[in-house]
Every structure is written in C-alpha cells, then in structure tokens.
Amino acid sequence: MVGSVELVSGSGSRLRLMAVHAHPDDESSKGAATMARYVAEGAEVMVVTCTGGEAGSILNPAMDRPDVLANMSAIRREEMAKAAQILGVQHRWLGFVDSGLPEGDPLPPLPEGCFALTPLEEPVRELVKVIREFRPHVVLTYDENGGYPHPDHIRCHEVSVAAFDAAAEPDNFPEAGEPWQPLKLYYIHGFSRARMEAFHEALVEAGMESPYAEWLGKWDPDRADVMERVTTRVECADYFEVRDEALKAHATQIDPDSRWFFVPLEMQRRVWPTEEYELVRSLVDSTLPEDDLFAGIREKVNT
C-alpha cells in the first residue's frame, strides 16, 4: 500500500500493462512484440490512443485514393481495431484531435483545438479515468523527446507522466474513479544507432542491400544513442511476425514494401531479439538491467 491507495488486486488477479500512444499505428511500431508476448503469457494489455490520427498522410501508395482520403478518420479507426485484434490487446481512444506534423520555415501554427494545444489538465483527466478503471501495474509511454519531435508525441509524454502521478491521489480528479497506483513507468525511445548498425552489418555480411547505410551516414556522431538510457530488454522475437501483421493492418500508414519489412525475420530474431525500454519510475524493487517489465511485480500479484 502507498498511503490508502491499493497497489495490487487480490487473489487471482492478472498482470496488467498499459501502453499510451499518440496516434493509431504507433502501438504497432513501438513495443508491439512485447505486448503480444505478454498477452500470450496471460497478462491483460491495453493500448490507449490519444488522437484519431485524422491529420495523418497516406504513406502507402496502394491506399492513395480519393475515397480513402475523404474517409481518413473512419478508416484509421477500422485499422486500429484490426491491429488491436491481431495483438490481442484492449483498446481505448482518449478522444483528442491529431495536431499534424508542422513543416516549413518558419513552422506554421498548430490547428486550433488540436491535442498539442489542449490544456494539459483535460487529457490528463481522461487518461486518469482509464488508468483507474483498467488499473495497470505497468505504464509505457514516450520519452521527453516523444521518440521524435512530433507535437502529439511530446504531448503524449507530458500527459502520461502527469496521469501516472495523479491517478493515485484521491484529491486529483475525484470524479474519475477510485485512486490507483501504477507500480512502474517506462519510456519507449526512438531509433537506436546500435540497432541500425547491427542490422546494417548483418545485411552487408549476407550480401544484401542495406536500407540503413544512408541513415548511418547522416547520423550526428555527437548524438547520444538511446541505448545508453535503456534499462530493460524484453525478449520477444517469437512475436515479431505478429508485430508485422499489426503494422500492416494500418494500411494507410504502412507500405508493405517499405524498409519496415526489409530485414528478414530470421535475421531479426538472431541479430536483435529484444525490444528496449527505460525504467523511469518504480515503486517496487528490481535489479537493473531487467529483462521483464513486470520484474518486482510478479511476486506481488497472484497470477
């Protein structure tokens, strides 16, 4: 117990994991194999999507049609439902409007009423409601850079961290349900140079073309690799195929012939069989580095 807040459910409860993402498709490109693994092991997993992805471009040439563009919001909801079914996760929409990714110099203003401009208290309240209802033991979200500097990703980070802290306080949003204290908060980071280098070298060694050569050539040598912050590497290679199928469910966003799928699954499983996280808050004891997001929690929950 922390004060009067319940930490774990009683006898017979299951481990629960919540992943908070900015847009539909983010859940399938960031930590999807981890979620699929935990679902297969009997945990309850929920994805919370902050926006509807309404401002997303069509990134798959096969879907670049007027009828798709005219129904983007409904189609992205259908894609998210399909991806959630493939991963075996529960899903909630937080209900805010995609801010879009501003481009140009100078950058144009964000659209009025979008997620990134909504006063922080509003999405925090909505996420606290979902946390108190689902009662996750572990929460995943983006780091302070959003994984990459999209305004919705940065806002997602701000909302998730604030809600993690607020959910346990009875005086915060008393109308949002009974207080609940998640036990661990993890960040999902952006692209890792070490991972790119490992796949690049494996592809070259196999006599294959590497899609990473250009990226690595432009990488700022003074830029720190996110792997320096990683505390937890979850073995999930057996679920890479499930991850890929969930990604392909987002057909407007994912070209099945893109670099996402260039590295053969067998090579991925051999060269880099994990997904990585940074533990940033913990109310339980666990030894770092970890190989399990529920380290220190399993013994507290009767599974």
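In the predicted model, His-23 occupies the loop that connects strand E1 (16-21) to helix H1 (26-29). The residue is buried, with a relative accessibility of 6%. Beyond its neighbours within four places in sequence, His-23 makes contact with Thr-49, Thr-51, Gly-53, Asp-98, His-150, Asp-152 and His-153. His-23 is also one of the positions that UniProt, in an unreviewed entry, lists under "binding site", together with Asp-26 and His-153. These positions span 131 residues of sequence, yet they cluster in space, the largest C-alpha distance among them being 9.7 Å.

Asp-26, another of the positions listed in the UniProt entry, belongs to helix H1. Like His-23, which is buried, Asp-26 is buried, and its relative accessible area is 4%. When residues up to four places away in sequence are set aside, Asp-26 touches His-21, Tyr-142 and His-153. His-153 thus appears among the contacts of His-23 and among those of Asp-26.

Helix H2, which comprises residues 32-40, is mostly covered, with seven of its nine residues buried. The buried set consists of Ala-32, Ala-33, Thr-34, Met-35, Ala-36, Arg-37 and Tyr-38. Just after H2, Gly-42 adopts a positive phi of about 105°.

Positive phi values also occur at residues other than glycine. Arg-135, which is not a glycine, has a phi of about 60°. The residue lies in the loop between H5 and strand E4 (138-142), and Arg-135 is partly exposed, with a relative accessible area of 28%. Phe-173, likewise a residue other than glycine, has a positive phi near 50°. Its position is in the loop that runs between helix H6 (151-166) and strand E5 (184-188). Phe-173 counts as buried because its relative accessibility of 14% falls under the 20% limit.

Two cis peptide bonds may be described in turn. The bond from Asp-105 to Pro-106 is cis, with omega near 5°; Pro-106 is situated in the loop between strand E3 (90-96) and helix H5 (121-134). A cis peptide bond also joins Leu-288 and Pro-289, where omega is about 0°. Pro-289 is placed in the segment that follows strand E7 (274-282).

With respect to cysteines, a search of the whole structure finds zero disulfides. Cys-50 is in no disulfide, and the nearest cysteine sulfur, which belongs to Cys-156, is 4.0 Å away. That separation of 4.0 Å does not meet the criterion of a disulfide, for which the sulfur atoms must be within 2.5 Å. Cys-50 is buried, its relative accessible area being 0%. Cys-114 is likewise in no disulfide; for this residue the nearest cysteine sulfur is that of Cys-50, at 13 Å. Cys-114 has a relative accessibility of 1% and counts as buried.

The second largest pocket has a volume of about 260 Å³. Its lining is formed by 13 residues, and those that lie nearest the centre of the pocket are Asp-143, Asn-145, Arg-223, Ala-224 and Val-226. Classified by residue type, the lining of this pocket contains four nonpolar, four polar and five charged residues.

Glu-201 is located in helix H7, which covers residues 193-205. With a relative accessibility of 54%, Glu-201 counts as exposed. Glu-201 and Lys-218 are separated by 17 residues in sequence, and their C-alpha atoms are 17 Å apart in space.

Notes
Residues numbered from 1 in each chain as written. Predicted model: local features only at pLDDT ≥ 70, side-chain atom pairs only at ≥ 80, totals over all residues. Heavy atoms only, no water. 1 Å grid on protein atoms, 1.4 Å probe; cavity = no way out; pocket = protein on both sides within 12 Å on 5 of 7 lines; lining within 4 Å. Points joined across faces, edges and corners; volume = space filled by probe spheres on them. Nonpolar A, V, L, I, M, F, W, Y, C, P; charged D, E, K, R; others polar. Buried < 20%, exposed > 50% of the residue type's maximum accessible area, 1.4 Å probe, protein only. Helix = DSSP H or I, 4+ residues; strand = E, 2+ residues; numbered from the N terminus. UniProt positions renumbered as here; feature names shortened; annotations may be inferred. Contact = heavy atoms within 4.5 Å.
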